[in-house]
Amino acid sequence: MGSSSGTTEAGATLHGRALERPADAREVAALLAEAARGHRRLRPVSGLRAPAAHDLPDAWISLERLRGVVDWHPHEGTITALAGTTLAELEAVAERDGWRVLPQLADPNRSSAGGMVAAGASGLERLRHGPMRHHLLGARLALPDGNVVKSGSRLVKNVTGYDLHRLAAGARGTTGVVVEVSLRLAPLPRAAWTLEFEHAEWAPVDAAAQALLDSRCELDLLRASRSRGLWRLFAFGAGRPQTCARMLALAREAVRAGATSGPADFEDPGSPARAAWREARAAETACGATVELGSLRSECSALVARLVERGFDVACVDPGLARVLLRLEDHEADRLRAALPPGVGARVSSFLPRTCAALAPRRDPARAALEDRLRAALDPRGVLARRDPS
Amino acid sequence: MDPSIASLVEPLRALLGPRGVLDARAARTPYECDGLAFARELPELVLLPRDTAECAGAMRMLAQAGVPVVARGAGTGLSGGATPVRGGVLVGTARMRDVLSIDAPNRRARVQAGVVNVDLSHACQRHGLHYAPDPSSQKACTIGGNVAENSGGPHCFKHGTTSRHIHGLVVVQHDGSVLDLSREGLEPAGLDLVGLFTGSEGTFGIATEATVALVPLPEVVETALAIHASLDDACEAVSEMIARRVEPSAIEILDKLTIEAVENSVLAAGYPKDAEAVLLVEAEGCDAEVRATMDDVEAIARRHGAGEVRRARDAAQRAKLWAGRKGAYGAMGRVAPDLYVSDAVVPRHRLRELVRAVTEICHARRLKVANVFHAGDGNLHPNISYDRRDADELARVLDAGDEIMKVCIAAGGSLTGEHGVGLEKIAGMEWMYTREDLAAQCRVREAWDPRLRMNPGKTIPLRACMETRTRDQGRA
């Protein structure tokens, strides 16, 4: 396949499969069309992260050469970039003029704009700013019919036509290869605050978290993480200096009211808060979680208590999002399944065959059929299809 | 009445009850148009199911007869999305009006599609919560209609349009099957079907239930009215607010003609009649945040010629300031019998230039245009007053509407920010999208509705769909 494109480097491989490196969106679409004619499977890869070595396609498409900001006006609050552009590169452009790229992912140097959309990655500050799909204004998609199509726009508001970019968000490249992304930006905050609270037991940490969530405190991030037998609750907020001061006061009040025992440790607003946030961002990748559980906020406390009681290695809890990250070994899959109450959703972030099989969501047949029809509408020959159970 | 539809009347009446089937001409007449008043078609039959099961049963019968179906909420849409199609049946949600549950701890509610937008917020108020999207028609429009159009409103500047607030849906599909997307977690359990469905303008199916996100009532709210000596200045002030990253919850502009209409009506809000434009801005949050934001707003407005800035925190005073904005469309009825409300989005740093261009387009066609719009989102609403009985004037209105869209698209804008494409803007889709873009959208539509029976002739040009079919058949 490499020979079909003059700008594709010949001979590069990944997991023993050819690695195509198209130079632009048209070349991506041409590769997909050629694969469709040859009944071959391709899979996009950002080029910044090693893909999993299972369910291998016939060839990979690296998007690392699709790099750069396409449209940027500092007075508009939106940015458009090619899919292989890293989030760090986007942040460098936007932050010069006081704007912030959302979502903020754990590793912006190794996360690309297209990869973020394909993975549906929503980042650490989802509690305040919402999921990635809320910041996604539009995209261009390369399709196996050889075309590059536009969905949405570069504007903050637009309801013209169907939102195919929403279909691409989180679809892992199975509804078209994202080649360009338009995002809404947020103001870069002028100040930040953090609050930390540590305890060996989950109950007081949970009480503090619930008190914060029930207060008028506007939280960007609220995370409880567990390491070496100690729970650490980390709250973070950002905004104007005077607002941060007020929020920190509210947070202190809430935690003092909610926590029944244990020490509280507070930091002041300002640069230490940003440093603490960076630490939390780095910890996201370092926590080693393999399974993400999602429930309802009202049921999250009991779910964590149950998991801890049954000896599961809970890495992190986002109480406001009702999200629980577990470090799970594959052999624990059936035990976890038995421990989960109905209605808890699970996503497996590593390839753990037993876990993937045990936690696979029961697909509603009507929904599954519609999803199959939608994928077939955009990729009738299954060029971008995946067969892995995750 | 078409015999295939006539034969369904009695079985449908058995299913939906006597109030669920309207076949008398007089009973069907109110459904012949939505807010796009010049486009009218009498539906063959109007069905008003009470819940998902009734809707599904009716849709199964209609599918067997191969009848086109148009869904309708309250009929407040402005793009003709609920205009009936010839030989088709209209399915309304007016009898699906129950708030099924309010889950305060998880900040969500489950509602039937026919629940009126503002009624939902009232129902949640005792829990300290509200539903954020607030279209100007919120006293009448329904959640189902909001889902179909991905509706906006003034406070979408901060909170985003409807799609941000929909957690789940129950959808009755073209064949009467029910798709339950109501149990979505933090992330969709597969493709984001809820996100795709929201804004699909009734072409994918009929949403009969929605699970919506609720947001806490703000601690402090302040509204400001900045009085400007020119519309240009008001636009420039908004562009500077965006450039300086000021974040209130709503930024609206009303021009002189709108002010006059409002002040001469029962909705008089105390706007100064001699102002060329007013800027209506609201901020919400904690006291410190609101005070700082509104200080920034006032300083920018004054830099751009605002001679007076009135600020209100008192609920009654704020409500009065908003009453003028929310009632502006109704007040325009004093100017002429009909109102064509255009809806385009432009880059926010080019507001002054494009508002001026839109006004000139109307004046060149001897039309009276008033501007009342969501300036913070760059979402223009040029309102052209006309009399639909005057064929020449109607032609000039439609010509102006097309030209406005072309100018906005050429400037990097879009056809519609919140009203939808519907019938009104369907020709414009080919100005904004390539044939390949539209072909992909058609294929997605056919995945939901292979026979294109749901709201045919709306949203995507039929020609694009037919071309897709021909091409695909050729390939096969």
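The following exercises, each with a worked solution, concern a predicted model.

**Exercise 1.** Determine how many residues each chain gives to the contact between chain A and chain B, and which element of chain B gives the most.

*Solution.* Step one is the count by chain: chain A contributes 57 residues and chain B contributes 62 residues. Step two assigns the side of chain B that touches chain A to elements; those giving two or more residues are strand E9 (178-181) and the helices H8 (193-197), H9 (231-243), H11 (287-303), H16 (429-432) and H17 (435-448) of chain B. Of these, H17(B) gives the most, with eight residues. Step three sorts this side of chain B by class, which yields 24 nonpolar, 22 polar and 16 charged residues.

**Exercise 2.** State the order of the seven strands in the open sheet of chain B and identify which strands stand at the edges.

*Solution.* The order in chain B is E15-E12-E14-E13-E18-E20-E16, with antiparallel pairing. Strand E15 (308-312) and strand E16 (338-341) of chain B each have a single partner strand, so they stand at the edges, and one side of each is left without a neighbour in the sheet. On average, neighbouring strands of this sheet are turned by 20° against each other, direction ignored.

**Exercise 3.** Describe how strand E18 of chain B is joined to strand E20 of chain B, and find which residue stands opposite Val369(B).

*Solution.* Strands of a sheet pair through backbone hydrogen bonds. Strand E18 (residues 368-373) and strand E20 (residues 382-386) of chain B run antiparallel and are joined by four bridges. Opposite Val369(B) stands Ile384(B), in E20(B).

Notes: Residues numbered from 1 in each chain as written. Chains lettered and ligands numbered in written order. Predicted model: local features only at pLDDT ≥ 70, side-chain atom pairs only at ≥ 80, totals over all residues. Contact = placed C-beta atoms within 7 Å. Nonpolar A, V, L, I, M, F, W, Y, C, P; charged D, E, K, R; others polar. Pairing = 2+ DSSP bridges. Axes fitted to C-alpha atoms, helices over the stretch in contact; angles between N-to-C directions.
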